[in-house]
Amino acid sequence: MRFDVLTLHPDMVMAPLSTSMIGRARDAGLLEVAAHDIRDHATDRWKTVDDTPYGGGAGMVMKVDIVAAAIEAVRTDASRVLLTSPAGRPITQADCIRWSKLEHVVIVTGHYEGIDARIESLVDEEVSLGDFVLTGGEIAAIAIVDAVGRLVPGVLGNADSAADESFSQGLLEYPQYTRPREFRGMEVPEVLVSGHHGRIAVWREERSRERTRERRPDLWEAWLARTVGDPIVD
Ligand code: JCQ
């Protein structure tokens with residue numbers, strides 16, 4: 001799978017995607033990631049990429065002709081083009097799974113007060129990480145490449161397959177512990193050292209549901225609605 005990120009800061013995008021699991025997956029040829037400087041498509045001698053907003057107001061707006069040229073330099077008929085913006089639809093794990101099955105994802109990152117709205121005619125999906133504002137879309141693009149890239153077969157180690165983690169069942173993960181057995185008076189739950197695999201599985205399922213109900217009532221209600229009639233639910 002290939003990602004092309006269009007940005008004013010290609011080094012910022014590439015640095016975190018050159019280490020750790022995504023860096024290793026690229027070395028192994030499982031993923032291709034490239035970042036392209038939108039400024040390379042500026043047409044004047046000052047390499048201008050933004051301009052003042054029609055109608056007045058503070059800040060600058062990225063020029064649609066320059067960003068369009070950057071998109072058209074990398075996109076093919078098989079590409080899915082994403083635009084990261086606080087005005088986009090908040091993404092979920094389901095979106096990441098869907099994108100992980102594609103050959104080519106292009107991510108356009110915005111800056112300043114935004115991009116000329118006519119860019120929407122050139123993108124397939126306008127997406128957000130959540131209800132907060134970044135200085136630029138780079139961190140959102142990095143997060144998307146990381147979350148999608150790790151779902152490509154072979155990228156995750158066999159040990160931590162994406163199948164049995166938070167969200168794969170729609171519930172939060174159960175709490176994990178490792179040594180020491182006691183830390184500042186806090187003990188590891190007895191069941192986890194019992195060696196009783198059946199009781200451990202039941203305890204983990206209960207903690208997973210309890211955590212989800214307490215911390216994420218939205219996910220809990222969705223899980224309950226999906227699980228009605230399932231004989232396993234209590
Ligand atoms: C992305 N969640 C927040 C800031 C305008 C395209 O227009 C803009 C983009 C940004 C940067 O992205 C975010 C963001 N997901 O802030 C302003």
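Which element gives the largest share of the shell around the ligand? In this predicted model, that element is strand E5, residues 79-90. Strand E5 supplies three residues of the shell.

Start with the ligand. It is surrounded by 15 residues. The closest are Ser128, Leu129, Phe132, Leu134 and Gly136. By residue class, the shell divides into seven nonpolar and eight polar residues, with no charged ones.

Three of these close residues also appear in polar atom pairs with the ligand. Ser128 uses its side chain: an N or O atom there is 3.3 Å from a ligand nitrogen. Leu129 uses its backbone, with a polar atom 2.9 Å from a nitrogen of the ligand. Leu134 also offers a polar backbone atom, this one 2.8 Å from a ligand oxygen. On its own, the ligand has 420 Å² of accessible area, and the protein covers 94% of that.

Now step out to the pocket. The ligand takes up the space of the second largest pocket. That pocket holds about 390 Å³ of space. Its lining counts 27 residues. Nearest the pocket centre lie Thr84, Ser85, Pro86, Ala87 and Gly114. Two elements give two or more residues to the lining: E5 and strand E7, residues 125-128. E5 gives the most, with five residues. So strand E5 leads in the pocket lining as well as in the ligand shell.

What is the make-up of the lining, by nonpolar, polar and charged residues? It divides into 13 nonpolar, 10 polar and four charged residues. The shell around the ligand, by contrast, has no charged residues.

How values were computed. Residues numbered from 1 in each chain as written. Predicted model: local features only at pLDDT ≥ 70, side-chain atom pairs only at ≥ 80, totals over all residues. Heavy atoms only, no water. Near = heavy atom within 4 Å. Polar contact = N/O pair within 3.5 Å; in protein donor to acceptor, adjacent residues only side chain to side chain. Areas by Shrake-Rupley, 256 points an atom, 1.4 Å probe, with all protein chains shown as cover. 1 Å grid on protein atoms, 1.4 Å probe; cavity = no way out; pocket = protein on both sides within 12 Å on 5 of 7 lines; lining within 4 Å. Sits in = over half its atoms within 2 Å of the grid points. Helix = DSSP H or I, 4+ residues; strand = E, 2+ residues; numbered from the N terminus. Nonpolar A, V, L, I, M, F, W, Y, C, P; charged D, E, K, R; others polar. Points joined across faces, edges and corners; volume = space filled by probe spheres on them.
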